[in-house]
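Hi,

Here is the structure I said I would send over. Have a look at it first, and my notes follow below.

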Amino acid sequence: HKYQETPKDIKPAVDASFVGLTAVPGIPNDNNMAISNDGKIISVINSSFSVLEEDGTYVKYYSLRSITGGQLPNLNRTYDPKVTYDPVADKFILVYLQGSTSADTRIIVGFSETNDPQGDWHFYAVDGNPFTGATWSDYPIIGMSKDDLGSIN
């Protein structure tokens, strides 16, 4: 196929928009969002997790610590959330980090039980320093295939 340059005056149309969460402290503002087939939105920034309606109406706020519902102990430094939606399983996936030292670094992975982000979640902690060096995990990037979830730190 031959490459064809798009004219610079063609711009995509925006049918609807809303301002995301803006009052969450932290630098940089590590933000990410996912939307379900039914229009349920999860917006994550720094150490915050919020549920919104498709039109941007705020529904519920959680801290990354509180969203686990006590499933994981010692969550004293949570940050860098990433969220994605699996349209085949109709569920959300949340990944974030815990700890800022090589002695206490974990990658937290959560899966919603249904497509309702306010419903039950299942959380797991993966060692963020499996080689016992002097480093820790930072800025997670997640990817999905048909069968797997992967994280690059």
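D86 is the residue I'd start with: in this predicted model it is buried but has no salt bridge. The nearest side chain of opposite charge belongs to K91, and that is 8.1 Å away. A salt bridge would need a side-chain nitrogen of Lys or Arg within 4 Å of a carboxyl oxygen, so K91 doesn't qualify at 8.1 Å.

So what does the D86 side chain reach instead? It gets to the backbone nitrogen of A89, at 3.1 Å. D86 itself is found in strand β5, which covers residues 78–86. If you skip its neighbours within four places in sequence, D86 is in contact with K91 and M144.

M144 turns up again on the surface: together with F111, Y124 and L149 it makes a nonpolar patch of about 330 Å². F111, from that patch, is found in strand β7 (residues 104–112). Its relative accessibility is 30%, so F111 counts as partly exposed.

The other spot I looked at is T68, in the loop between α1 (64–67) and β5. Buried or exposed? T68 has a relative accessible area of 1%, and the cut-off for buried is under 20%, so T68 is buried. Not counting residues up to four places away in sequence, T68 touches L75, Y96 and F123. There is also G110 to look at: the C-alpha atoms of T68 and G110 are separated by 8.0 Å, with the two residues 42 apart along the chain.

Cheers

Terms used
Residues are numbered from 1 along each chain as its sequence is written. This is a predicted model: local features need pLDDT of at least 70, side-chain atom pairs count only at pLDDT 80 or more; totals for chains, interfaces and linings use all residues. Side-chain values use heavy atoms; hydrogens and water are left out. Helices (H or I, at least four residues) and strands (E, at least two) are DSSP runs, numbered from the N terminus. Buried means under 20% relative accessible area, exposed over 50%, partly exposed in between (1.4 Å probe, protein chains only). Lys and Arg count as positive and Asp and Glu as negative; His and the chain ends are not counted. A polar contact is a pair of N or O atoms within 3.5 Å; within protein, one must be able to donate a hydrogen and the other to accept it, and residues adjacent in sequence count only if both atoms are side-chain atoms. Contact means heavy atoms within 4.5 Å. Patches are made of residues with over 30% relative accessible area and no salt bridge: like charges are joined within 9 Å, nonpolar side chains (Val, Leu, Ile, Met, Phe, Trp, Tyr) within 5 Å. Accessible areas come from the Shrake-Rupley method with a 1.4 Å probe; for residues, only the protein chains shown count as cover.
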